[in-house]
Amino acid sequence: MINLQIKKSFAILLFLGCLFMSGIELKAITLNDSIPEKSREFKKGIRFSPSMNFFDYGDLSFGQIASDYKFGAALGMVFDWKMSDYHRFRLEPYLEYQNINNNSINPDIEAITSFSNLSFGLDAIPLVLTYGGKYKGTISAGGFAKYVLNSSQSTTLNGNSVNNFEVEINKLQYGFSFGAGAYLGKRLVELRYYQSLNDFVNSPVIPNSINQVQLILVY
């Protein structure tokens, strides 16, 4: 009889112990479920980007029109979403100061038209592939749109200024971009190429576009 009571008491204690341990495990699972996994994250930074700009005519046979490389710069923000360990999405608004030179190199005539543009730009980079640890290599591809807020022009003909001469431009520029670089901790360094898909100077005869290379620095 005594052994039976001891066995019953032991069974009751074992049952209560199992209930207690189950309660601890259930509580731990509930707590773990309430803490979201950090598979996604968001960060933002200051974007500074010196640039090199040039006209692309594709065919230089018409009047031998060429282009000088001119420098500019942009300042803005980067909003960066981590979608997974290997994929990010970026949205980048900025103000840009852009210089462009348009040269005609005919044997007897040297005509140079310079443009200085102040633009608001927005880069949408949906495809950002990354790989690595603290220093992550990255390649990116996306599109951009820019609206020219102000454009000043100056033209010289054989070294002499030409007054009251302005060409019509398309204020809205858009196209695609692709780049390669690296995340250095919280910072980003990227070299990015921009290809416009529409004319900058309105011309029914000569298709033209602005091509650009930017060095993207994000702090």
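Which residue in β8 is the bridge partner of I139? The answer is A180, and that pair is a good way into this predicted model. The chain has 219 residues, arranged as one helix and 10 strands. Starting at the N terminus, the helix comes ahead of the strands, in the order α-β-β-β-β-β-β-β-β-β-β. Let's walk through how the strands pair, which charged side chains meet, and where a cavity is found.

**The chain as a whole**

- Of the 219 residues, 32% count as buried.
- Take the contacts between residues at least 6 apart in sequence: 65% of them join residues at least 24 apart.

**Strand β6 and its partners**

- β5 (residues 110–132) and β6 (135–157) run antiparallel and are joined by 20 bridges.
- A hairpin of two residues takes the chain from β5 to β6.
- To find one of these bridges in the structure, look for D123, whose partner in β6 is F144.
- β6 also pairs with β8 (residues 172–184), again in the antiparallel sense, over 13 bridges. The opening pair, I139 with A180 in β8, belongs here.
- A third partner of β6 is β7 (residues 160–162), with three antiparallel bridges. Here L157 has N160 in β7 as its bridge partner.
- β6 and β7 form a hairpin too, with two residues between them. In that turn, N158 has a positive phi of about 50 degrees.

**Strand β1 and its partners**

- β1 (residues 41–56) runs antiparallel to β3 (residues 70–82), and 13 bridges join the two.
- Within this pairing, F42 is matched with W81 in β3.
- β1 pairs with β10 as well, in the antiparallel sense and over eight bridges. Here F48 stands opposite L217 of β10.

**Salt bridges**

- How many salt bridges does the count come to? There are 11.
- R47 and E92 form one of them, with their closest N and O atoms 2.8 Å apart. This pair links distant parts of the chain, since R47 lies in β1 and E92 in β4 (residues 87–105), 45 residues apart. Are R47 and E92 buried or exposed? Both are buried.
- E92 also meets R192 in a salt bridge, with an N to O distance of 3.0 Å. This link joins β4 to β9 (residues 187–196), and its two residues are 100 residues apart. R192, like E92, is buried.
- These residues belong to a network of salt bridges that links R47, R90, E92, D123, E190 and R192. You have already met D123 as the bridge partner of F144.
- D80 and R88 form another salt bridge, at 2.7 Å from N to O. Both D80 and R88 are buried.

**The cavity**

- A search of the whole structure finds one cavity of 30 Å³ or more. Its volume is about 110 Å³.
- The lining is made up of 13 residues, and Q98, K146, Q173, S196 and I210 lie nearest the centre.
- Which strands each supply at least two residues of this lining? They are β5, β6, β9 and β10 (209–218).
- Sorted by class, the lining has five nonpolar, seven polar and one charged residues.

**Two residues to compare**

- S119 sits in strand β5. Why does S119 count as buried? Its relative accessibility is 2%, and buried means under 20%.
- Leaving aside residues up to four places away in sequence, S119 touches Y94, L95, E96, Y147, V148 and L149.
- D85 lies in the loop between β3 and β4. Its relative accessibility is 48%, so D85 counts as partly exposed; the exposed class begins over 50%.
- D85 and T130 are 45 residues apart along the chain, and their C-alpha atoms are separated by 7.5 Å.

Notes
Residues numbered from 1 in each chain as written. Predicted model: local features only at pLDDT ≥ 70, side-chain atom pairs only at ≥ 80, totals over all residues. Heavy atoms only, no water. Helix = DSSP H or I, 4+ residues; strand = E, 2+ residues; numbered from the N terminus. Buried < 20%, exposed > 50% of the residue type's maximum accessible area, 1.4 Å probe, protein only. Contact = heavy atoms within 4.5 Å. Salt bridge = Lys/Arg side-chain N within 4 Å of Asp/Glu carboxyl O. 1 Å grid on protein atoms, 1.4 Å probe; cavity = no way out; pocket = protein on both sides within 12 Å on 5 of 7 lines; lining within 4 Å. Points joined across faces, edges and corners; volume = space filled by probe spheres on them. Nonpolar A, V, L, I, M, F, W, Y, C, P; charged D, E, K, R; others polar. Pairing = 2+ DSSP bridges.
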